[in-house]
Amino acid sequence: MADLVGTCAICGTATATSRRRHARYCSNACRQRAYRQRVHEPVTALDSFIGRDAELARLARVGPRVLTLVGPAGVGKSRLVKELAKDATWVELDDAQDVARACAEALGEQTSEPALSTLVSALAARRTVLVLDNCEHVARECAALLEPLLLGCPGLSVIATSREPLRVPGEVLFAVEPLSITDAVDLFADRARANQVGLRLGDRNAIAALCDRLDRLPLAIELAARLVTVLPVQELLARLDDRLELLNRGNRTAAVRHQSLRAAIGWSYERLSADEQHVFRCISKGPGGFGLDVAVQACDLPSDRVLVLLSALVAKSLLMFTGAGRFEQLESVRLYGRERLAEQFTGDTPGVAAANLRAVRRGPAPAANH
């Protein structure tokens with residue numbers, strides 16, 4: 001019986017296929033590579049996905065070779081990509097120093113030769129979606145890898161999550177915004193009831209006010225929802241000036257920077273230059289919305305220099321440009337900046353600085369009666 005021609009599921013090479021046997025792989029090497037890939041497939045998210053229907057619909061209509069989801073800490077970039085690209089190969093860069101090697105390991109490839117060569121050999125004849133998660137601390141390395149990799153692998157597409165653009169040719173940016181208020185309330189209710197079966201949450205308007213004060217950020221909302229077993233919603237709402245101290249009970253298995261709101265924002269702050277940190281602290285003294293003139297006065301730097309530094313903070317998702325020369329900071333980000341400002345003058349740790357700020361807000365203690 002004549003053999004029919006098939007193609008290898010890994011490299012696309014022609015394979016011999018009969019009616020009795022379908023050869024999925026052209027060699028034992030490709031068979032072993034397929035096994036290693038199955039071992040490294042990303043784990044499906046265990047929690048429910050709330051909202052984001054409009055974002056998913058928009059993302060489904062775009063098809064660039066490099067799509068980067070950008071946005072502030074805790075806005076839900078990674079969770080959105082897990083819902084968008086369920087069949088992609090996931091590369092977690094949280095602790096990575098060598099991006100190419102991390103990609104090779106995620107693909108199940110052995111890197112006896114230079115990692116870039118290994119990747120090109122593995123991906124050149126395949127259609128693959130590669131997700132690079134948490135790129136901001138290795139953005140330069142990601143850009144340096146992706147340009148030659150994409151040129152050598154025409155079937156490769158990349159989805160990245162980052163707090164700043166990778167700035168690689170062909171990159172298309174998608175800004176992930178905070179949740180709508182309806183989705184934010186639904187997320188809080190879902191996570192709160194997961195912490196206590198049968199929980200009655202009460203006034204939905206109070207939950208909406210709480211979520212709005214938390215900037216409608218999924219991470220902050222999920223952290224707050226963990227506290228409903230000890231604090232009612234109205235009490236949580238009253239304590240939100242101390243949110244960086246309160247919201248510190250993330251999932252044990254999450255990365256350290258996702259286990260508290262302070263750590264999530266601090267991950268971005270620590271990666272700023274000294275001048276960027278200075279401007280970040282100074283603008284936190286004022287209101288959430290301001291113009292360039294206010295920033296110049298607060299920072300005591302030349303106007304052109306301040307504008308450059310504000311632009312850098314916008315690019316790194318620590319500030320938003322709203323048009324008409326106006327900038328805005330999320331309330332949680334502004335509170336973090338005030339902590340770091342207090343720390344600068346007192347030398348205290350962020351936690352002690354937060355306690356000092358609370359004392360200032362309460363005012364001086366009453367004088368004792370003698």
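How many of the 7 residues of strand 6 are buried? Select residues 156-162 to find strand 6: 6 of its 7 residues are buried, where buried means under 20% relative accessible area, exposed over 50% and partly exposed in between, with a 1.4 Å probe and protein chains only. Helices (H or I, at least four residues) and strands (E, at least two) are DSSP runs, numbered from the N terminus.

Before you click on, remember that this is a predicted model, in which local features need pLDDT of at least 70, side-chain atom pairs count only at pLDDT 80 or more, and totals for chains, interfaces and linings use all residues. Residues are numbered from 1 along each chain as its sequence is written, and side-chain values use heavy atoms, leaving out hydrogens and water.

**Stop 1: around strand 6**

Add residues 66-70, which are strand 3: this strand runs parallel to strand 6, with 5 bridges. Two strands pair if DSSP finds at least two bridges between them. Look for L67, which faces I159 of strand 6.

Now add residues 128-133, strand 5, which also pairs with strand 6 in the parallel sense over 5 bridges. Here T128 is opposite L156. To get from strand 5 to strand 6, follow the chain through helix 6 (residues 139-152); this β-α-β crossover is right-handed. That is, with the strands pointing away from the viewer, the path from the first strand over the helix to the second runs clockwise.

**Stop 2: the rings**

There are 5 aromatic pairs to hunt for, counting rings of Phe, Tyr and Trp (its six-membered ring) whose centres lie within 6.5 Å; planes under 30 degrees apart are stacked, over 60 edge-to-face and the rest tilted. Select Y269 and F280: they make a tilted pair, 5.5 Å centre to centre with 50° between the planes. Y269 belongs to helix 12 (residues 261-269) and F280 to helix 13 (residues 274-283), so the pair ties together parts that are 11 residues apart in sequence. Both Y269 and F280 are buried. Bring in Y336 as well, and ring pairs link Y269, F280 and Y336 into a cluster.

**Stop 3: charges over rings**

Go to W267 and R271: the charged end of R271 is over the W267 ring, 3.5 Å from its centre. The rule asks for NZ of Lys or CZ of Arg within 6 Å of the ring centre and within 35 degrees of the ring normal. Then try K82, which lies over the face of W90 at 5.7 Å from the ring centre.

**Last stop: a hairpin**

Finish with strand 9 (residues 320-323) and strand 10 (residues 326-328), antiparallel and joined by 3 bridges. G323 has R326 as its bridge partner. With 2 residues between them, the two strands form a hairpin, and A324 in the turn has a positive phi of about 55°.
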